[in-house]
Each structure stands twice: as structure tokens, then as C-alpha cells.
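Reader: I would like a close look at one part of this model, namely the side-chain pairs that bring separate stretches of the chain together. Could you take me through them carefully, and keep track of how much of each side chain is open to the outside?

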Amino acid sequence: MQIFEELASDAVFDSSGQNGKFRSFREMIINYYSNGEYYRSPMQIRRDQWILWGLVRCRAWMIIPIAVVSQFCLGSLYAWSIFNKPIDAHVFGNSEANRAQITFYIALGMLGTSGAMFGPWIESHSPRMCAILAAGVFFAGHCTAALGLACREIGMLYFGYGFIGGIGLGIGYVTTIDAVIKWYPSSRGFASGLAVSGFGSGAVAFSNINAALLRAFTVPQAFAVLGTINLAVMFLCALLMRPPPPDHNLPGVALEMMDQSITDVNQLHLQSVQQTIKGKSATVGGQTITVGSNSGDPVLIITLSQALSSVDFWLLWVAFFVNLVFGVVIISNLASMSTNMFGTDIPAPVTMIVTIEGVFNAGGRLLMGWISDWTGRRRTFLFVISLQIVIVACLISVLPQQSFWPFVVLVWLATLCYGGGVGVIAATLADMFGAPNMSACHGIMLTGWSVAAIGGGITYTGVVSSLTGKGGYTLSDPYVYVVNQYWILSLLICGWIALLLIRITPRERLFPSVRGQVFCHTFAGLTIRLVRGTKQHGLHDYEFLCATIGDSESTHDIESSGSIDSNDNVPDSKGINNTRLEEISLGAHNSLARLDFDPRSVNNANETVTISTFTNNEPTSGAKHQASEAFNYVAQDRKSVTSAVLAAEGSFVQLMCSTPPVRWCMVLFSRWRLEIVSAEEVTTIWRMYLSCALLASADSEN
């Protein structure tokens, strides 16, 4: 009982709802995929700070080698091709039976399936427990496979290594990546890339280890020995695996909003927005934004169910799946493609080609993960898929010429891209949906790996079999492999388009709409929207401003004027002024025109030019006074100030931006307007949007 009396100030401990009863299986599944928090007692938190029986304090750098070694053992899956012919010869007496390779596809399929099934469970339990379970299940798969081979039952091999071993692979893979991601919140790409590079390195090393085991033991004995080696190493790594302290990660996705230029100006005092919104929460776009008690930085809280139901999650799934198809097909068929097209007399041994391919696979995971920390996840993913498109297009012209080295180099580069996508995906999920949802989201994302392995392998084999059977071609004919490149190229183009449609950041997903908005999306950093109507009102177009635009007395044609110039007054803190807003009429122009919401010149530093509109909601009888909002755009001494009156009693916010917002607009069919919004306007509106939501929440609680 003393444990519960010594609750640490940063502990996260809550057991509510864990014993809840569900009326149906469907409700149980929904609840399972809606909650994934890991609750620890204060004693568990203190215990997790140490390793080696409390002799050494656990540090973040220690988790990396632990994860790499664990992934190294799991990567033995990629060396499965060494077992294909010996297993076929042992079970069927024919090394060309081609039945053993099915085990590889079953195991890879179960890797993604088990990751999806166990993802929420992994998120809500200790990584040490999950890693121990993964080691035990993976070992059980090896033992069952060894027993099946001893009995010469191929079905037991499928069930043992493919099904049971595949479950251990999925649990172990997700567990180690989740632990690394949470220990390195500021370098997620590099940390996860380094960890999964161990998976690629395992393929290189275990190709030689498996060959040595087959020379020293029988096939069943080789599986038993291999399973024992993996169990010993993975179990030791599991004992050292630790989660970070509870306050090591944000509880959601960090939002870029605050800077020193935002202030909350009240009638009686001046204080920063950070001080005003501490501990406050607001709902924006159906999702919760909260501010920690020790920080003024807002955090977007995304539940697991919201993440998994997001269109962006499934678009990312499509891009991830497409990125893997070519790599999975090539990895499992490179050796046979090389010998079939170029014969046994080739400039380099097949084993060396496959080994170097494994190095590119591991290097791509580390390199692209590290690059994504600097250039961004979307840019890195776009580069990876774009490079694959170029490579596949080049292969279509290189393969008919039967040029050995160009073919091999292109395949190595494609493998680099394959590994790069795997290295970036975990960090991308953590950035989009928060570290608390990473395990479950990553597990379900890995089903794309399974579909790519099974679907891609079946499609590739089906095309080859069709052409070599009814088509009259042989395996040495390059056309057999060229045809496969066409459907792979089509998938890559679809994945590239899907990646453009993904809204990676919360700003892209929750950006406020304007009146009459039909469509809005951010393509490669450009915010594009389609709006009904041909008249603009500057920043007052946004619905959240709640500004009433009166009938304008004059309009400006964008080609003749291109700017707004009026002389209205900035509201004081005690009232709201009735002012006139001048509108911009786009007329019937069908080409992009620049709209600059800033006067062309300011004569002196003291002169203030504003564009403003206000509403004054009078309290109704028996109802609480509603907050009224008024926004002004002020240009002064080459700086722009946006002011927001949040409450009738007079508090308002000032937000500085160094560059005035700019839009480019085009009228379509005299009914709609197409707008390209500048980054300056997006930043200004986003900060205003979050500031107003949080300050309004703070005002309503006071």
C-alpha cells in the first residue's frame, strides 16, 4: 500500500475502465483499437530507470544497440532462400519442387497481420514483456518447423515457421521500433532507421550462418540450433529493454504556434499567451488541443480510433505498400533473375550480388531515416518513390539489352529505396498521430508489407508462369521480366499521387476553412483551395473569425489595384467599432492574379493603415454573454499585426508576422475562385486559429 502513497509527480497511473464489460464482440474490438495507453505504477517507473539488476541506470543510447541486435535476429527471415532447395530435397526428394519458398510468404504475411492484431496490446504493455513474448513465440516457430521437417511434413513447416514464427516476428518488430521511437522524440527518423537497419543486416549475416548450419547439421537440426541462437540473443535483449520516463514524450502531436510576438492584452494587465492558456484545452476539428501545465506549447491529442479512421492514414498505407512491392519481388527473385537472364557465367557471383543488395537494404533504412529528420518525412518519401519510378522506367529499357551491370546497379538502388521506405514509416506515423499511437498504427501499417509480399509475389509469379506456359517464352527471355515492370510502374505512380494527397502535419489537417469553401488541400507545401463566389475579404474570409461583412461602397479590380487601402481605427480594449471593409472583386479573370493584403507603401513609421471588420453580439435576455471576435490587419513600419478581440470585456491578441499574407486567385466559370495561399498567410491564420481557440477556452473557464 505504501507504493500508492508515494505517487511520483510525473507518474501516469490509471486503471479505470480496464475491467469494463462489453455487450458484444464488436464493442470489445472497438474498445481494443480505441485505447492503447501504458499505465505504470510509481514502483514500475522507478524500476524501469535501471538495468542489470539495478546496477546501471538506463540511458537512451543503450536502447539503440539492444534494438539493432534484436532486429538483427528477426532479419534472419530474409535469408530464407538458403533453405529452399535443401528443404525441398529433404521433404520431397526433389530440390526443384519449389514448395519451401511458400513458408517465406506466410511468415511475411503473418508479420504484418500479427503487428496489426497485437499493436494496441504492445502499446499498453511493457516493451520488456512484449520482447520476451516475441522471443518465445519465434523460438516456438523454429521448434515446430524442426519437428515438421523431422516428420517430413511440409504443412507443419508452414504452420511452425510461417504462422507461429511470423507472429513472433510481428510482435518483436513492432516492439523494438516502438521503444526506440519513444526514446528519441527529436530524432525519430535516424533512431528508427538505425534500428530497422539491423533487420536488413540480418539478411546478410544469416545467409552465411544458415549455410554453415546446413553444412554441420541436418535440416531439422539446423532449424533447432538456429531457433536456440535467436532465443538466447533476443531474450537477453528483452531483459534490457526499457520504456522512457512518462514525461519523455508529448502525449500527442506538437503544434507550431507560439512565439514571443503573441501577447494577451487585457484591460488591467499584460501577459503572454503561454501564461494564459497553461493547462487549458479546446476542441478544434473534432480533436482536442491541450496545453501542459509546465509549457505554453499546445499539443494535439489524437485518439487511436481517430488515427485509424483518418483518410491520411490509409493514403499513407497505400504509399507504403506501393514502395514495398518492387523491393519484395526483387529481393526474393534477384538470384534466379540473374542466372536465368545472364547464365552462370556472369561477371560477379550471385552470392556477392545478393550480399551487396542486403547492404543497400540496410543502408537505405538508416540513410533515409536520417535524411527525413532534416528534410521532412513527405519530401523523403516522395524522393524514394520518385527514384523508384525512374529506376523501373530505366529497367524497361535496360532489360531487353541484357546489360548485366546496369541491371544490377539499378536493382541495388531500388533496394535502397525499399529499405528507405521501411526506415521512414515509423517516424512518419509518430509525427502524424503521436507517440502514444505509434505501436498500433505501425502494426496495422505493416499489413501493407504483408499484402506487398503475398500479392506482389503471386502477381509476379503468375505473370511469369503465364508467359512461360501459354506465351511460349522462356525464363531466359527478358520480356518475361519487362512485362512485370509495367504493373509495378503503374502502382508506383498511384503511390506517388497518394503521397501528395496525404496531410502530414496537423496544420494541413485542421486548417480553418473560408466561407463557401468547396475543397482545400496542401500539395507539396502549397495550400490550394476552391471557393464559391468571386469576391474576397482578405483575412475576414475565414469562418472562425465570425466577422460580418457589410455591403461595400466600393470594390477594387485586382488587375488595376491589387491591394486594399482604407483608414479605419484599431479597436480599443473597451469596445468594438463599426467600420467599413472594402472588398476585392475578381471579376471575370481566368488567370492567376496576385492579391497582396498590404498597402503598397507606408509613408512613415508612425502611420497605421488597417483593414477591419467587427461584430458586436449583444447578450440576450437570460443568456450568457457570447464572446465576439474582431480582427484587424495593420501594416506599420513593414510589419503586419493581426489583432483579435476575443471577449466583449476587452481582451485581445496581437500576432506579428514579418511578411504580409499573399494569395494568388483565378476565377473559374464566373462562379468559383481557385486560390493558392501563401505560406505567410497559412502561418498567420494557423496561429490565430489556435490562439483564439485556447484563449476562448481559458476565458470561458474564468
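Author: A helix here is a DSSP run of type H or I with at least four residues, and helices are numbered from the N terminus. In that sense Leu133 is found in helix H7, which covers residues 127–150. The model is a predicted one, and every value below is computed from it.

Leu133 makes a convenient starting point, being partly exposed with a relative accessible area of 33%. If its neighbours within four places in sequence are set aside, Leu133 is in contact with Trp121 and Ile171. The C-alpha atoms of Leu133 and Ile171 are 7.8 Å apart in space, although 38 residues separate the two in sequence.

The aromatic side chains come next, and the structure holds 27 aromatic pairs. One of them is the edge-to-face pair of Tyr161 and Phe223, with 6.0 Å from centre to centre and 85° between the planes. Because Tyr161 lies in helix H8 (residues 154–183) and Phe223 in helix H10 (residues 219–240), this pair ties together parts that are 62 residues apart in sequence. Tyr161 has a relative accessibility of 2% and so counts as buried, while Phe223 is buried at 0%.

Tyr173 and Trp449 form another pair, whose ring centres are 5.5 Å apart and whose planes stand at 70°, so the pair is edge-to-face. Since Tyr173 lies in helix H8 and Trp449 in helix H18 (residues 447–469), the parts tied together by this pair are 276 residues apart in sequence. Tyr173 is buried, with a relative accessible area of 0%, and Trp449 is buried with a value of 0% as well. Tyr173 and Trp449 also belong to a cluster linked by ring pairs, in which Tyr78, Phe104, Tyr105 and Phe199 take part too.

Charged side chains give a second set of links, and a search of the whole structure finds 11 salt bridges. Among them is the bridge between Arg188 and Asp431, where the closest N and O atoms are 2.8 Å apart. That pair links distant parts of the chain, with Arg188 in helix H9 (residues 188–216) and Asp431 in helix H16 (residues 404–433), 243 residues apart. Arg188 is buried at 11% relative accessible area, whereas Asp431 is partly exposed at 24%.

Arg377 and Asp373 meet through their side chains in a salt bridge with an N to O distance of 2.9 Å. Here Arg377 is buried, with a relative accessible area of 9%, and Asp373 counts as partly exposed at 27% relative accessibility. These two residues are joined with Arg188 and Asp431 in a network of salt bridges.

Arg378 forms a salt bridge with Glu508, and the closest N and O atoms of that pair are 2.7 Å apart. As Arg378 lies in helix H15 and Glu508 in helix H20 (residues 506–510), the pair ties together parts that are 130 residues apart in sequence. Both Arg378 and Glu508 are buried.

Helix H15, which spans residues 377–398, also holds Gln388. Gln388 is buried, with a relative accessible area of 1%. Not counting residues up to four places away in sequence, Gln388 touches Asn323, Phe326, Cys417, Tyr418 and Leu492.

Definitions and conventions:
Residues numbered from 1 in each chain as written. Predicted model: local features only at pLDDT ≥ 70, side-chain atom pairs only at ≥ 80, totals over all residues. Heavy atoms only, no water. Phe/Tyr/Trp six-rings, centres within 6.5 Å; stacked < 30°, edge-to-face > 60°. Helix = DSSP H or I, 4+ residues; strand = E, 2+ residues; numbered from the N terminus. Buried < 20%, exposed > 50% of the residue type's maximum accessible area, 1.4 Å probe, protein only. Contact = heavy atoms within 4.5 Å. Salt bridge = Lys/Arg side-chain N within 4 Å of Asp/Glu carboxyl O.
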